[in-house]
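User: I would like to learn how to read the overall form and the strand pairing of a protein model, taking the general idea before the particular case.

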Amino acid sequence: MKCPACVELGYLSKLYMDSGSFTTLMGWSSYYDEDGIYHSHDPNRHSTGGRCSQDHQIYWSSYSKCPAGDYERDEVVRVSYRCEVCKSFGKESPDAETCSYCESKARDAERKAKADTENATQAEYRALPGWERRRTGGFTKWLEKRNSD
Ligand SMILES: [Zn+2]
Ligand SMILES: [Zn+2]
Ligand SMILES: [Zn+2]
């Protein structure tokens with residue numbers, strides 16, 4: 001097993017698997033079929049994780065295969081990348097700038113900054129003497145003129 005992210009990126013890395021793993025606890029019965037062949041169709045998912053030396057977080061889940069070879073479920077390997085902003089392993093792709101949490105935080109901050117600017121502009125307009133406000137012909141006209149200056 002190699003770190004899938006490093007394989008894709010062409011990096012060499014060591015992959016350190018977590019010592020703990022998690023297995024779901026569903027019951028099932030093994031059986032011998034009509035030809036006397038042994039089957040074991042284990043529905044339980046085994047999950048574990050790891051960290052590679054290039055700083056990727058790996059989540060890996062797999063299922064036991066039936067010795068008769070008719071029960072095989074896909075292994076799922078998911079990789080997370082470290083977010084440069086919050087330093088957590090929240091990034092889904094190496095191309096993303098930040099994790100989705102930091103992305104939404106940045107969006108909120110941008111929205112707030114925009115609202116603050118708008119409020120400040122409106123306060124500026126309201127602070128004008130009445131004659132000047134009448135002369136400019138309303139907030140929108142005033143704002144257009146102010147932005148073109
Ligand atoms: Zn890696
Ligand atoms: Zn089977
Ligand atoms: Zn983040």
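Analyst: A residue is called buried if 20 or more other C-beta atoms lie within 10 Å of its own. This is a predicted model, and in it buried residues make up 6% of the 149 residues in the protein.

User: What does the radius of gyration of the protein say about how spread out the chain is?

Analyst: The protein has four helices and six strands, arranged along the sequence in the pattern α-β-β-β-β-β-β-α-α-α. Its radius of gyration is 30 Å, whereas the globule rule gives 15 Å for 149 residues, so the protein is more spread out than a compact globule. The C-alpha trace spans about 100 × 35 × 25 Å along its principal axes, and of the contacts with a separation of 6 or more, 35% are between residues 24 or more positions apart.

User: What is the order of the strands in the open sheet, and how do they pair?

Analyst: Strands of a sheet pair through backbone hydrogen bonds, either parallel or antiparallel. Here an open sheet of four strands follows the order β1-β4-β5-β6, and the pairing is antiparallel. The edges are taken by β1 (15–23) and β6 (76–81), each of which has a single partner strand, so one side of each is left without a neighbour in the sheet. Ignoring direction, neighbouring strands of this sheet are turned by 20 degrees against each other on average.

User: How many bridges join β5 to β6, and which residue stands opposite H56?

Analyst: Strand β5, residues 56–63, is joined to β6 by six bridges, and the two run antiparallel; within this pair, H56 stands opposite Y81 in β6.

Technical notes: Residues numbered from 1 in each chain as written. Chains lettered and ligands numbered in written order. Predicted model: local features only at pLDDT ≥ 70, side-chain atom pairs only at ≥ 80, totals over all residues. Rg over C-alpha atoms; globule rule 2.2 N^0.38 Å. Buried ≥ 20, exposed ≤ 12 C-beta atoms within 10 Å, placed from the backbone. Contact = placed C-beta atoms within 7 Å. Pairing = 2+ DSSP bridges. Axes fitted to C-alpha atoms, helices over the stretch in contact; angles between N-to-C directions.
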